[in-house]
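Q: Could you take me through one part of this model up close? I'd like to start from a single side chain and work outward to whatever surrounds it.

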Amino acid sequence: MKNNLTNIGDTLAAFRKKAGLTQIDVANELTKAGYPIQNKSIYAWEKNKSTPNPTQFLLLCKMYGITDIYTEFIGPNPDDPFVLLNDEGKEKAQDFIRILGLTDEYSVKNSLKYVLDKANNSDAETSSDYAAKQRELPLFLLAASAGPGEFVDSDAHEMVVVGSEVPESASFGIRLNGNSMEPRYMNGQIVWVYRTAELYDGDIGIFYLDGQAYCKKLHKNNGTLELLSFNPDYDPIQITEDSEFKIFGRVVS
């Protein structure tokens, strides 16, 4: 059951802990932002003995990563189209939104740039110049795992139009599946990869290992190799002499 207005404090406390912050940390951050406060006030808010003012509340939401205030503090957002979908449907919708965001026709970023170019009529980058920078890159349909590995079929991809939002060095894109690379890379996120078979210690790459594909950090130590996750809940994956191992490329975004 979602929270309501009577337990704002409980919700704030839960999100603070999820963000890994202490009450003292929060008080210090609010003070730095120009709203001097002591940690006992944070305690009072979380115990529902008092409430933050609107500005303090919004700063807390930003600090805790709360992006849908209505849902978290009132209930299901009636304007959220995702409420009609199950988890699988939400994931597919998010994938489609990401693809649309990469196209010139539907991207807010690209459309805004086109309008500004025409309005300024400058010698900077015109809309035709911008269009010339666009290119097609393969986007794999099967996800590389950021948790348990999943095999990547090299033929299962679609060509998508990308612009300057994707690094010029990118050779292909691939979606991630799982949470082992959080908080840097999120489940369902598209990452862009430079195709290469050579990576250095510490590089983030897309790897093939024993029939599975992974997005991991490469660690080299005294001649041994292992794949590391950012999420501490996941153990390193050891690469042995018997492993069938291949580097697909380096993650560049």
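A: Let's start with Phe 73, which is buried, since its relative accessible area is 2% and the cut-off for buried is under 20%. Keep in mind that this is a predicted model.

What does Phe 73 pair with? The structure has three aromatic pairs, and one of them is Phe 57 with Phe 73, set edge-to-face with 5.0 Å between the centres and 70 degrees between the planes. Phe 57 belongs to helix α4 (residues 54–64) and Phe 73 to helix α5 (residues 69–73), so this pair links distant parts of the chain, 16 residues apart. Phe 57 has 16% relative accessibility, so Phe 57 counts as buried too.

For contrast, look at another pair. Phe 207 and Phe 245 are stacked, at 5.8 Å centre to centre with 20 degrees between their planes. Here the rings come from strands: Phe 207 is in β5 (residues 204–209) and Phe 245 in β9 (residues 245–251), so the pair ties together parts 38 residues apart in sequence. Phe 207 is buried, at 0% relative accessibility, while Phe 245, at 27%, counts as partly exposed. Elsewhere, a ring has a charge for company: Lys 216 lies over the face of Tyr 234, 5.6 Å from the ring centre.

Now back to Phe 57 and its helix. Helix α1 (residues 8–18) packs on α4 at an angle of about 35 degrees, their axes 9 Å apart, and the crossing is left-handed. On the α1 side the contact uses Ile 8, Leu 12, Phe 15 and Arg 16; on the α4 side, Phe 57 appears again, together with Leu 60 and Tyr 64.

Helix α4 has a second partner to look at. The axes of α2 (residues 23–32) and α4 come within 11 Å and cross at roughly 120 degrees, and the two helices are therefore oblique to each other. This crossing is right-handed. Val 26, Glu 29 and Leu 30 of α2 meet Leu 59, Leu 60, Met 63 and Tyr 64 of α4. Notice that Leu 60 and Tyr 64 also take part in the contact with α1.

Val 26 deserves a closer look. It sits in helix α2 and is buried, with a relative accessible area of 0%. Leaving out residues up to four places away in sequence, Val 26 touches Arg 16, Leu 21, Ile 42, Leu 60, Met 63 and Tyr 64. Take Arg 16: 10 residues separate it from Val 26 in sequence, and the C-alpha atoms of the two are 8.2 Å apart.

Ile 42, another residue that Val 26 touches, leads on to helix α3 (residues 39–46), where Ile 42, Ala 44, Trp 45 and Glu 46 are buried. The cover over those buried residues includes α1, α2 and α4. Just after α3, Asn 48 takes a positive phi of about 60 degrees.

Zooming out, the protein chain has eight helices and nine strands. Of its 253 residues, 37% are buried. Among contacts with a separation of 6 or more, 57% are between residues 24 or more positions apart.

Conventions: Residues numbered from 1 in each chain as written. Predicted model: local features only at pLDDT ≥ 70, side-chain atom pairs only at ≥ 80, totals over all residues. Heavy atoms only, no water. Phe/Tyr/Trp six-rings, centres within 6.5 Å; stacked < 30°, edge-to-face > 60°. Helix = DSSP H or I, 4+ residues; strand = E, 2+ residues; numbered from the N terminus. Buried < 20%, exposed > 50% of the residue type's maximum accessible area, 1.4 Å probe, protein only. Lys NZ or Arg CZ within 6 Å of the ring centre and 35° of its normal. Axes fitted to C-alpha atoms, helices over the stretch in contact; angles between N-to-C directions. Parallel < 35°, antiparallel > 145°, perpendicular 65-115°, else oblique. Left-handed = near helix turned anticlockwise from the far one by under 90°. Contact = heavy atoms within 4.5 Å.
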